[in-house]
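Biologist: Got a minute to walk through this one with me? Put it up on the screen and I'll fire away.

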Amino acid sequence: MADTYSPCPSCRAVNRVDLERLADGKAPVCSRCKTPLTLDGAVSAVDGEGLQRLVSSSPRPVLVDFWAPWCGPCRSFAPVFREAAARLAGEAVFAKLDTEQSPEIAGRMGIQASPTLVLFQGGSERARQPGALPLDRLVAWLRQSAAA
Ligand code: ZN
């Protein structure tokens with residue numbers, strides 16, 4: 001099923017979102033407090049706390065793009081990440097974290113390159129990829145890492 005999970009930026013509840021219903025033009029809101037969710041396609045923008053909530057409660061692998069607004073490669077990678085999220089909906093959950101807005105989590109995780117991709121599974125880090133990947137390699141890397 002084409003769904004994903006998205007943490008509410010207000011009450012912090014992790015929402016299951018049916019992406020097929022979004023395709024009808026419905027704006028996604030938190031089922032608990034009705035705050036709009038930070039979903040762009042199938043990618044949630046998260047902060048440090050949202051990331052922790054999502055990683056600890058998602059039943060599927062969570063791929064996080066640690067990016068920065070000043071980083072050119074991050075901006076060119078964004079549409080690739082968005083496309084991968086659409087292609088792998090129902091298989092993995094996609095989120096992006098702005099390391100300039102949340103420098104403490106980026107520091108704690110030792111993020112050095114921009115962008116850096118981190119795959120979480122079962123609440124902890126499973127694999128890490130410093131630097132952007134083309135779409136096909138990204139999909140292959142994620143599937144291989146999640147199955148390992
Ligand atoms: Zn909420």
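Biologist: Let's start with P115: buried or exposed?

Modeller: Bear in mind that this is a predicted model. P115 sits in the loop between α4 (103-108) and β7. Its relative accessibility is 1%, and the cut-off for buried is under 20%, so P115 counts as buried.

Biologist: And which residues does P115 touch, leaving out those up to four places away in sequence?

Modeller: There's a group from D65 and F66 through C71, P73, C74 and F77. The other contacts of P115 are Q129, P130, G131 and A132.

Biologist: How far apart are the C-alpha atoms of P115 and T99?

Modeller: Along the chain, P115 and T99 are 16 residues apart. In space, their C-alpha atoms are separated by 9.5 Å.

Biologist: On to α5. What should the helix span, at 1.5 Å a residue?

Modeller: Helix α5 covers residues 135-147, which is 13 residues. The expected span takes 1.5 Å times one less than that number. The end C-alpha atoms are 18 Å apart, which agrees with the expected 18 Å.

Biologist: Which residues of α5 are buried, and within what arc do they fall?

Modeller: The buried ones are L135, L138, V139, W141, L142, S145 and A146. Residues three or four places apart in an α-helix point the same way, because there are 3.6 residues a turn. Seen down the axis of α5, the buried residues line one face of the helix, as they fall within an arc of 165°.

Biologist: What do those buried residues pack against, and which exposed residues are on the face turned away?

Modeller: The buried residues of α5 pack against the strands β5 (62-67), β6 (93-98), β7 (116-121) and β8 (124-130), plus helix α3 (72-87). The face turned away from the buried side carries the exposed D136, R137, Q144 and A147.

Biologist: Now S6. Which side chain does its side chain make a polar contact with?

Modeller: S6 lies in strand β1 (residues 3-7) and is buried, with a relative accessible area of 0%. Among the residues S6 touches are A13, V14, L37 and L54. The polar contact, at 2.8 Å, is with the side chain of S44.

Biologist: Last one: which element gives the largest share of the lining of the largest pocket?

Modeller: That pocket has a volume of about 230 Å³, and its lining includes N15, R16, V17, D18, R21 and L22. Two elements give two or more residues to the lining, α1 (19-22) and β2 (14-18). The largest share, four residues, comes from β2.

How values were computed:
Residues are numbered from 1 along each chain as its sequence is written. This is a predicted model: local features need pLDDT of at least 70, side-chain atom pairs count only at pLDDT 80 or more; totals for chains, interfaces and linings use all residues. Side-chain values use heavy atoms; hydrogens and water are left out. Buried means under 20% relative accessible area, exposed over 50%, partly exposed in between (1.4 Å probe, protein chains only). The arc is that of the directions from the helix axis to the C-beta atoms. Contact means heavy atoms within 4.5 Å. A polar contact is a pair of N or O atoms within 3.5 Å; within protein, one must be able to donate a hydrogen and the other to accept it, and residues adjacent in sequence count only if both atoms are side-chain atoms. On a 1 Å grid over the protein atoms alone, a cavity is a set of points where a 1.4 Å probe fits but cannot get out, and a pocket is an open set with protein on both sides within 12 Å along at least five of seven lines; lining residues have an atom within 4 Å of a point. Grid points are joined across faces, edges and corners, and a volume is the space filled by probe spheres set on the points.
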